[in-house]
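User: Could you teach me how to read a model of this kind, feature by feature, giving the general idea before the particular case?

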Amino acid sequence: MVNKITVGHVHMSGCTGCLVSLADNYEGLFKILDDYADLVYCLTLADVRHIPEMDVALVEGSVCLQDECSVREIKETREKAKVVVALGGCAAYGNITRFCRGGQWNQPQHESYVPIGDLIDVDVYLPSCPPGAEAIRNVCVMAYLLLQGNDDQKALAGAYLKPLMDLAKRGTEACGCDLMVDVINQGLCMGCGTCAASCPVRAITIEYGRPNIDREMCIKCGACYAQCPRSFFSFDVVNQFEGIIEAIDGAMGKGGE
Amino acid sequence: MVLGNYKTAVSARAADADILKCSQDGGIVTQLFAYALEEGIIDGAIVAGPGDEPFKPEPIVATSKAELLAARGTKYSISPNMMLIKEATRSYGLDKVGIVGTPCQMQALRKAQLYPLGMRKVPDKIALAIGIFCMENFPYQGLESIVEDHCNIKMESAVKMDIGKGKFSVYTERGALSQIPLGATHKYEQPGCHVCLDYVANLADVSTGSVGSPDGWSTVFVRTKKGEDVWSKAVAAGYFETKDIAGVKPGLDLVTKLATGKIDKNQKTLEERASFGVGKGLRNPYI
Ligand SMILES: Cc1cc2nc3c(=O)[nH]c(=O)nc-3n(C[C@H](O)[C@H](O)[C@H](O)COP(=O)(O)OP(=O)(O)OC[C@H]3O[C@@H](n4cnc5c(N)ncnc54)[C@H](O)[C@@H]3O)c2cc1C
Ligand code: SF4
Ligand code: SF4
Ligand code: SF4
């Protein structure tokens, strides 16, 4: 395949769970690397020491303000990547690292962790802890179509990515409370239960048709709000679900059904 | 797009008398899941099972025909069926998941397949999604007020509820029927339904409802390749009686009329929301 895009995985303060989620596409990951994207930077998988120029940077983890190297690297990432994706709850919203208070071995002074959007402009958010393997796959395929596809494919990819770009503009704080503030308080919740299914720590139950959030348990990953059909819903994209799923399966070499 | 994309529309009912007995309409949902379960098309289905209070649904993962039968009939109250979508693939270990839901739940499902952020291992495991037509839904307390205060029936003695021909009807175990004009129920509707732009579950594989078909029969839209595959096999195997929808009364004209009415009304609500405050609006989820 000609015109592959270049992708890097930039590791900030994260647990490598998001990278594992990317790898959880199994042979799909090889397909992506064979046909669509060259992995030009990835501390875990590629022997490249310095952040290179790249089309898409998948950033995992939040930035430790006391870690000079991380602060420098996130700024460098913004300068060198065309598209910066906050991969996962930590990069997008701080997630569990929001609760850090320092005092750990080796670097006890490391105590303030901020989502990358507090320091740089971010183009696309992929919330959750970690984002589903299939969500990362879909964004990879769409990023490829956006940069290398024909006009129709560009239009579809643009429409698909728009809500994730809007999330990046919405802010760097997320919490189960978003369901209260932006869905229930807005008279939009219809009790479908999707938020409860999406929460990785099971902080949400549905009581009398509405989500109940155990705020002690919420790690602020942003999955519930992003997954709620009443946070964003694009008829243009979702109404074409059958065709899009077929197209993605086709792109991943699973066509024929 | 009032009725959504579909390949075929028919009027149908289940061939199995046991299924028909306590099903809401033509028993389409229960019969199609039972068939799919028998054939291994699904390993189980998320349905609205009986809850701890009468007509208060509780989502369950049904893996047997008996469980499907126990979940028959419409509960006009919120059943958060999507709540179990990830659980079904995890704790229950299903590889092929069936799910029934209202149009909004079908929207949630398809969004979850396309944007599976918190939905690891869900997208590829949806084997059969059956949508049920829906004009509005009631919070449980709302349903209780309708049945107990307006219809004068104890929730415990109700055996079936039904909406049709402009009336809300409750049937009791002693054979009584209590009806009130549908208008009296409007104030109990859940607010989230007033921005809903789908009546006939456009995004399901197969969607069904009573409207359009004679009593005891259902109107069925077969929408996707998956839906067509399962439906045509089930019909060929004799699991359903079908009639040409063009030959039944009141037919698709009524479905179109109701669907258009719902969409127009709710579109208007969305427009009013845009200037609800002074120089400020409420959120519109549809971008
Ligand atoms: C809130 C609501 C409003 C409806 N409004 C209309 C309408 O305006 N016009 C119309 O034609 N049809 C409407 N229906 C659909 C109709 O009542 C029947 O559900 C449908 O025709 C299926 O009947 P059946 O005999 O094929 O299914 P059955 O074999 O009786 O099975 C019904 C299935 O639906 C599930 N179910 C029951 N209640 C709920 C619920 N609250 N949420 C999710 N799943 C549930 C059950 O668990 C069961 O699996 C509505 C249904 C609901 C729940
Ligand atoms: S996902 Fe959204 S609409 Fe569904 S129950 Fe949760 S908050 Fe309500
Ligand atoms: S409630 Fe759950 S899904 Fe929502 S932000 Fe908190 S941890 Fe994430
Ligand atoms: S009216 Fe719409 S939002 Fe309300 S329950 Fe029915 S499908 Fe869901």
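Analyst: What follows is a walk through the sheets, the ligand surroundings and some backbone details.

User: What should I know about the model before I begin?

Analyst: This is a predicted model, in which local features need pLDDT of at least 70 and side-chain atom pairs count only at pLDDT 80 or more, while totals for chains, interfaces and linings use all residues. Residues are numbered from 1 along each chain as its sequence is written, chains are lettered from A and ligands numbered from 1 in the order in which they are written, and side-chain values use heavy atoms, with hydrogens and water left out.

User: In which order do the strands of the open sheet in chain A run, and what is their pairing?

Analyst: Helices (H or I, at least four residues) and strands (E, at least two) are DSSP runs numbered from the N terminus, and two strands pair if DSSP finds at least two bridges between them. In chain A, five strands form an open sheet in the order β2-β1-β3-β5-β7, with parallel pairing. At its edges stand β2 (37-42) and β7 of chain A, each with a single partner strand, so one side of each is left without a neighbour in the sheet. Averaged over the sheet, neighbouring strands are turned by 25° against each other, direction ignored; axes here are lines fitted to C-alpha atoms, for helices over the stretch in contact, and angles run from 0 to 180 degrees between N-to-C directions. Five bridges pair β1 (residues 5-11) of chain A with β2(A) in the parallel sense, and A:Ile5 has A:Ala37 as its bridge partner in β2(A).

User: Which strands does helix α2 of chain A touch?

Analyst: Contact means heavy atoms within 4.5 Å. Helix α2 (residues 27-36) of chain A packs on the sheet by touching β1 and β2 of chain A, and its direction makes about 110° with that of β2(A). Helix α5(A) lies across β1, β3 (54-60), β5 (81-87) and β7 of chain A, running at about 140° to β1(A).

User: How many strands form the open sheet in chain B?

Analyst: The sheet in chain B has eight strands, in the order β3-β2-β4-β5-β9-β10-β1-β11, and the pairing is mixed. Its edge strands, β3 (58-62) and β11 (240-244) of chain B, each pair on one side only. Neighbouring strands of this sheet are turned by 30° against each other on average, direction ignored. Within it, β5 (residues 126-132) and β9 (residues 206-209) of chain B run parallel and are joined by three bridges, with B:Ile132 opposite B:Thr208 in β9(B). Helix α2(B) packs on the sheet, where the strands it touches include β5 and β9 of chain B, and its direction makes about 170° with that of β5(B).

User: What surrounds ligand 1?

Analyst: A residue is near a molecule if one of its heavy atoms lies within 4 Å of it. For ligand 1 there are 31 such residues, and among the closest are B:Asp25, B:Thr30 and B:Ser210. They divide into 13 nonpolar, 14 polar and four charged, where Ala, Val, Leu, Ile, Met, Phe, Trp, Tyr, Cys and Pro count as nonpolar, Asp, Glu, Lys and Arg as charged, and the others, Gly among them, as polar. The largest share of this shell, three residues, comes from α2(B).

User: Where are the polar contacts of ligand 1?

Analyst: A polar contact is a pair of N or O atoms within 3.5 Å; within protein, one must be able to donate a hydrogen and the other to accept it, and residues adjacent in sequence count only if both atoms are side-chain atoms. An N or O atom in the side chain of B:Thr30 is 2.5 Å from an oxygen atom of ligand 1, and a polar backbone atom of B:Ala48 is 2.8 Å from an oxygen atom of the ligand.

User: Which backbone details should I check?

Analyst: Most residues other than glycine have a negative phi, and most peptide bonds are trans. Here the peptide bond from A:Cys129 to A:Pro130 is cis, with omega near -10°, and A:Pro130 sits in the loop between β7 (124-126) and α5 (133-148) of chain A. The bond from B:Lys249 to B:Pro250 is also cis, with omega near -5°. As for phi, A:Lys220 has a positive value near 65°, and A:Lys220 lies in the loop between β9 and α9 (223-227) of chain A.
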